[in-house]
Amino acid sequence: MTGPKKLRRIDVPFVSLGPSGVTVRDRLKGLAPGDEKVLRLVGAHMGALASKDLKARCADGLEHGSGTWAARKRDLTVESSSRWAGSVTKATHDQWALSRRGQAAHLDSLDAGVRMLRHRLSLPVGEKGTGHAPGGYRSRQEWFVKSRRLAALEERRTQVAADREAGRVRVVRGGRKLLNTRHHLAAANLTETRWRERWEASRWFLAADGESGKRFGNETIRVTPDGGISIKLPGPMADLANAPNGRYVLATRVTFPHRGEEWRDRIEGNRAVAYRIHLDVTRGRWYLDASWTRPIVQTMPLDVARAAGMVGADTNADHFAAWHLDHYGNPVGDPHRFPYDLTGTATHRDAQIRHAISQLLHWAKRCGVTAIGLENLDFTAETTREKHGRKKRFRQLVSGIPTGRLRARLVSMAAELDLVIVAVDPAYTSRWGAQHWQKPLATPTRKTTRHDSAAVAIGRRALGHPIRRRTAPPHDDRSDRLGHRTAQAPSGIRGPEETRRPATDRAHDARARTGKTRTRATSRASTTVRDARSDQTWVQDSLLNHLVGTVPSDVPAY
């Protein structure tokens with residue numbers, strides 16, 4: 001007979017750090033034909049230099065140092081300017097570092113797949129799995145196919161490990177997905193001309209890093225407080241300037257409706273702001289992005305965040321399930337659901353997520369809380385087909401939940417409403433929530449789902465309470481002699497759990513009010529009708545005795 005299942009360790013909740021940076025966007029409306037021509041020429045020229053610099057950086061590999069960086073920057077300065085060269089080299093280093101992180105993540109994924117395949121291949125065919133590990137394969141044919149896949153993954157893992165050891169990365173400026181689309185134009189509903197426009201626009205480089213202390217925070221792409229935009233042209237293109245000092249002023253202005261005041265305060269203080277100009281080929285629109293960094297600080301301590309209660313939010317494939325809890329962990333009101341649709345284009349999915357998050361945050365503000373409890377989800381280990389090979393629908397469901405982007409969006413948008421996100425361990429929230437809360441919270445007019453009960457479990461864990469509604473009574477004594485048994489109230493508040501005093505003991509209340517001792521003796525007379533019948537004797541006189549003496553004397557007797 002096996003013992004109880006051992007549960008894994010549950011991490012303590014923590015307050016997520018606020019956003020480390022801000023990015024705002026505005027459209028460049030009313031550009032003159034000459035403005036677009038200059039933007040295209042400068043973007044293509046700097047894009048070619050950025051591609052050349054990225055190639056040189058990848059060739060250096062792990063031998064890169066300050067000397068090679070300085071040499072690359074000198075070569076770029078000759079064909080542009082010192083500030084343009086600094087922006088290009090910084091973007092190159094960021095791209096190379098991102099590729100290295102992606103390479104490490106890919107290597108970890110291959111290692112996980114190899115371990116899972118080896119585990120399942122080592123088990124007998126047809127052996128059932130457990131709750132945490134899958135069993136053997138169902139047939140000899142499937143076992144053979146998976147053995148061939150193991151060999152392919154091991155070979156691929158060897159190649160990736162060799163590339164990482166040598167410091168070799170594979171980067172495509174413009175995106176590998178768009179590059180592969182060139183071979184499937186019919187499926188993408190594109191012509192070669194339209195694809196070429198997208199490809200060239202994605203490889204342009206029109207970005208400049210900010211500098212604190214410089215005029216309006218950026219010397220290369222300068223934006224004035226009233227929205228005027230001017231660009232410092234590269235050296236070989238100085239003849240295109242329409243303003244002094246080799247600058248070109250665009251015939252348009254920006255306002256940044258979102259965070260415009262924060263942006264204006266920053267540039268008026270000459271603090272660094274980075275800008276990026278890019279073209280949306282599909283819509284034919286030019287945009288300007290402004291970004292700056294913020295110091296990473298914890299906005300609110302955990303105890304302060306818990307003081308006003310919590311909103312527990314359960315993340316699902318198509319909606320948020322949320323429930324408001326007071327600071328004792330008791331659900332308040334009805335559950336709420338905020339749907340979103342993750343099908344369609346990336347722009348549509350992003351808009352759906354932002355809309356659902358906005359609804360959740362505004363409802364949380366109306367509830368009067370200062371924090372939202374959210375699971376710290378990471379489905380990296382659950383999306384591999386080596387573990388859930390036959391459960392394709394489950395893998396698609398898990399892969400479709402944008403956990404990373406959703407969490408980043410929620411943290412940044414919550415900071416604007418003075419809300420914080422309390423991240424909790426997702427272990428057993430759905431299971432224990434359904435076990436302890438789904439049925440008790442259901443009413444004849446309200447159907448509670450597993451997602452609603454999971455939201456309660458998440459909120460209680462974020463508040464520091466156990467998920468279960470009551471702790472078990474003491475094993476050796478079913479009374480309250482060993483202490484308070486409920487998990488809803490502190491140990492010093494006994495409430496309905498204490499022994500109830502008799503409601504008829506009025507003398508105790510009188511002594512408590514006056515402080516005097518009772519002097520009147522207690523009456524032995526019964527106060528009930530039943531006892532009165534047994535203590536007293538009833539005597540019935542005859543009717544004749546009552547009539548004698550009442551008859552007049554003149555009435556004859558018979």
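Start by selecting H324 in strand β10 and V332 in strand β11: the two are bridge partners. Here helices (H or I, at least four residues) and strands (E, at least two) are DSSP runs, numbered from the N terminus. Before moving on, a word about what is on your screen. This is a predicted model, in which local features need pLDDT of at least 70 and side-chain atom pairs count only at pLDDT 80 or more, while totals for chains, interfaces and linings use all residues. Residues are numbered from 1 along each chain as its sequence is written, and side-chain values use heavy atoms, with hydrogens and water left out.

**Stop one: β10 and its partners**

Now widen the selection to β10 (residues 319–325) and β11 (residues 331–339). Six bridges join β10 to β11, and the two run antiparallel; strands pair if DSSP finds at least two bridges between them. Five residues lie between the strands of this hairpin, and G329 takes a positive phi near 95 degrees there.

Next, add strand β9 (residues 310–315). β9 is joined to β10 by six bridges, again running antiparallel. Click on A313 and you will find its bridge partner, A322, in β10. β9 and β10 also form a hairpin, with three residues between them.

Is β10 mostly covered or mostly open? Mostly covered: seven of its seven residues are buried, where buried means under 20% relative accessible area, exposed over 50% and partly exposed in between, using a 1.4 Å probe and protein chains only. Turn the strand to see both faces: H319, A321, W323 and L325 are buried on one side, and F320, A322 and H324 are buried on the other.

**Stop two: A462 and helices α13 and α14**

Select A462, which lies in helix α14. A462 is buried, with a relative accessible area of 0%. Which residues does A462 touch beyond its neighbours within four places in sequence? Its contacts are P13, R306, M310, G373, V422 and V424, contact meaning heavy atoms within 4.5 Å. R306 is 156 residues away from A462 along the chain, and their C-alpha atoms are separated by 7.9 Å.

Show all of α14 (residues 450–463) together with helix α13 (residues 429–438). Their axes come within 7 Å and cross at roughly 100 degrees. Axes are lines fitted to C-alpha atoms, for helices over the stretch in contact, and angles run from 0 to 180 degrees between N-to-C directions. That angle makes α13 roughly perpendicular to α14; angles under 35 degrees count as roughly parallel, over 145 as roughly antiparallel, 65 to 115 as roughly perpendicular and the rest as oblique.

To see the contact, display side chains including W432 and W437 in α13 and V456 and I458 in α14. By class, the contact of α13 with α14 has seven nonpolar, five polar and four charged residues. For these classes, Ala, Val, Leu, Ile, Met, Phe, Trp, Tyr, Cys and Pro count as nonpolar, Asp, Glu, Lys and Arg as charged, and the others, Gly among them, as polar.

**Stop three: helices α1 and α3**

Move to helix α1 (residues 33–60) and helix α3 (residues 82–122), which pack at an angle of about 50 degrees with their axes 9 Å apart. The two are therefore oblique to each other. Among the residues that meet here are M46, L49 and L54 in α1 and W84, V88 and W96 in α3. The contact of α1 with α3 divides into nine nonpolar, four polar and two charged residues.

**Stop four: the three-stranded sheet**

Keep α1 in view and follow it to strands β5 and β6: α1 lies across both and runs at about 130 degrees to β6. These strands belong to an open sheet of three, ordered β4-β5-β6 with antiparallel pairing. At its edges are β4 (221–223) and β6 (247–253), each pairing on one side only. From one strand to the next, the twist averages 20 degrees.

Zoom in on β5 (residues 228–232), which four bridges join to β6. S230 has V249 in β6 as its bridge partner.

**Stop five: the four-stranded sheet**

Finish with another open sheet, of four strands in the order β2-β8-β7-β3, with antiparallel pairing. β2 (21–27) and β3 (207–208) stand at the edges with a single partner strand each, so one side of each is left without a neighbour in the sheet. Two bridges join β3 to β7 (residues 274–280), and A207 stands opposite R276 in β7. Last, add helix α8 (residues 260–268), which packs on the sheet and touches β2, β7 and β8 (285–293); its direction makes about 65 degrees with that of β8.
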